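Work through the exercises below with the sequence and the 3D view open. Try each task before reading its solution.

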Amino acid sequence: MESKGKYYLTTAIAYTSGKPHIGNNYEIVLADSIARFKRKEGYDVFFQTGTDEHGQKIELKAREAGTTPRALVDKVAGIIRGMCDMLNISYDKFVRTTDDYHEKQVQKIFRRLYEQGDIYKGAYEGMYCTPCESFWTESQLEDGKCPDCGREVKPAKEEAYFFRMSKYADRLIRHINEHPEFIRPVSRKNEMMNNFLLPGLQDLCVSRTSFKWGVPVDFDEGHVVYVWLDALTNYITGIGYDADGNSTEQYKKFWPADLHLLGKDIIRFHTIYWPIFLMALGEPLPRQIFGHPWLMMNGGKMSKSKGNVIYADDLVDYFGVDAVRYYVIHEMPFENDGNATWELIAERTNSDLANTLGNLVNRTISMSNKYFGGAVSDKKAVLTEKDGMADEDLRLTAVGTLAKAAGKMEELRVADALTEVFALFKRCNKYIDETEPWVLAKDPAKADRLSTVLYNLVESIIIGASILEPFMPKTAEKIAVQLNTRLRGFDRLDTFGLCPDGHRVTDKPEILFARLDMKEVEKKEEEILAAMLAGQASSGAEDAGQTGGEDRDAGGQAVLDPEPKPEITYDDFAKLQFQVGEIIACEAVPKSKKLLCSQVKIGSQVKQIVSGIKACYTPEEMVGKKVMVLVNLKPAKLAGVMSEGMLLCAEDAEGRLALVKPEKEMPSGAEIA
């Protein structure tokens, strides 16, 4: 296939503060499907991803964990790269912002911008958000908190370097207006224009002196480069940009980027700061920046602190790589947030993967073996006008699927493109219902018609699997192996009938996707959730910020120093309602190894509370205990049992739990403040 030219695709680089959840992994799977699709279309693709490893947040996490920032980021970067490999991501380069070549270029870029007058030295005083590493004025805060993440901010003042953003603002506004495809979707463009650019840009603080873990400003000791100036430049340093004018041939070939793919929460950095940095460097702007929506859990943003995190390795261990890839691609709308739960993934696996796709492939191969010893031939036999219409409609659907999918991919409507592929598989299943091969097999005179039907199915499945490959590469390859053929290039999918007459499919069809027992899925989810509630996450890799170790105080008593959580205000605390509860009944949750279900009397009411403490307490031990209860926790189902609160427990380094109880006799319902 003749090359259609270059295509440079990047994701946002993952911050190395901890293990990413499936909501974070969604982006890399989405990008991978685009990269694979573009390769099959004939583009020379360069797909770059990686890790963002500097900043105050990393320095603080390392200090809390009793390690060095370098050791911390090395560990987490390894976890992140391992998850990319686990999800079968076909990246061409994995960058790390701690790589020497990158740090040297960041220093050169900073010096160049300073020497040409775009950066100047001053002092900053304002409200600072540590997680976002951003300064804000009082007027920019929302309810006194960071407008980006909603966390607390603190007053801060320090000497700093600033970038003259206003110098380039009008030029950026013109570019956005003249290039409507630059920011997608349109809602993100409108947000950036109306909320930031049109009201006027303030100069941006681009250095810090209050911490050390960053790229040093090489001409002013004590200053480190602002983490976003450092991180964003990976898109050019990773392919060979040199600030002194000696950029590599690779850079000259692939820049500007054809697509920056990133989450909607960091769209401002990529559509305002990054283009202005490039303008100052005299480099072309990326062609398109797409701010994708979030993958939520039960309608809420995933957060470990909320206990609603799903990790990709847990899902892959249970459902398989391609089932997870299918779900996160297929279930994410173009613009609105998607939703992920174990139940929804299982339902999609059963309906789309096991029934629509897996059953289709298995039936087709089994019938080919049963009726013709595995050989398929196009006899072009038609018995009725209805037969001819069914054959023609299937052929047109098959050869037309690529164009439909490619059109959706061009608009970055990746979920819709995958839907087009499965529309072909659904049409194949309908074709089986229309032609009824099992009926044809009863009449030897209709053998040629039966052969034609099975040939048409095999040919259509090969075409569908070839288009499916960018989204579910392992599944597509398995289908090709079972059909005893190879996946086709996109340039060979506009012709129906390339499968040679007499071609033999495998005589041992395998189940692509087994149907899942929803009760078993629920049980598995409950086990993982219970482990998480008990502080023993089953995902296999602890949060990089946690030490998990035990120490001793001066008297030799065991002490623990868990990872500190973000500071809260009294107003935050006041939202939580704690009361004394008396456990009046308790029983084990059926088929659960870790959960107990307690009936807890709190004042005049009784609440049902499910807790992952079965390893430490028997139901009989629980009855009669006075315990501390969080009573206004939103109800949730655990292992199919409704839980209406939380029993508070202490946990030691071995994972042993102890219920928190009042020191003195207190009545049921007594408020804890």
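Three exercises on this predicted model follow.

**Exercise 1.** State how confident the prediction is, and where pLDDT stays under 50.

Solution. Start with the chain average: the mean pLDDT is 90. Next, take the share of residues that reach 70 or more, which is 91%. Then find the weak stretch: pLDDT stays under 50 over residues 536–561. The model does have 49 contacts beyond four places in sequence for this stretch. Where pLDDT is low, however, predicted coordinates should not be read in detail.

**Exercise 2.** Give the strand order of the open sheet of 4 strands, and explain why E6 and E9 stand at its edges.

Solution. The order is E6-E5-E7-E9, and the pairing is antiparallel. Strands E6 (134–136) and E9 (204–205) each have a single partner strand, so each has one side without a neighbour in the sheet. For E9, look at its pairing with E7 (residues 154–163), which consists of 2 antiparallel bridges. Here Phe163 stands opposite Leu204 of E9.

**Exercise 3.** Describe the surroundings of strand E12 (residues 259–263): are its residues buried or exposed, and which strands pair with E12?

Solution. First, burial: 5 of the 5 residues in E12 are buried. Leu259, Leu261 and Gly263 lie on one side, His260 and Leu262 on the other, and both faces are covered. Second, pairing: E1 (residues 6–11) runs parallel to E12 and is joined to it by 3 bridges, with Thr10 as a bridge partner of His260. E13 (residues 289–292) also pairs with E12 in the parallel sense, over 4 bridges, and Ile289 stands opposite His260. Third, the connection: from E12 the chain passes through helix H10 (residues 267–281) to E13, a right-handed β-α-β crossover.

Note on methods. Residues numbered from 1 in each chain as written. Predicted model: local features only at pLDDT ≥ 70, side-chain atom pairs only at ≥ 80, totals over all residues. Heavy atoms only, no water. pLDDT = per-residue confidence, 0-100. Contact = heavy atoms within 4.5 Å. Pairing = 2+ DSSP bridges. Buried < 20%, exposed > 50% of the residue type's maximum accessible area, 1.4 Å probe, protein only. Right-handed = clockwise from strand over helix to strand, strands pointing away.
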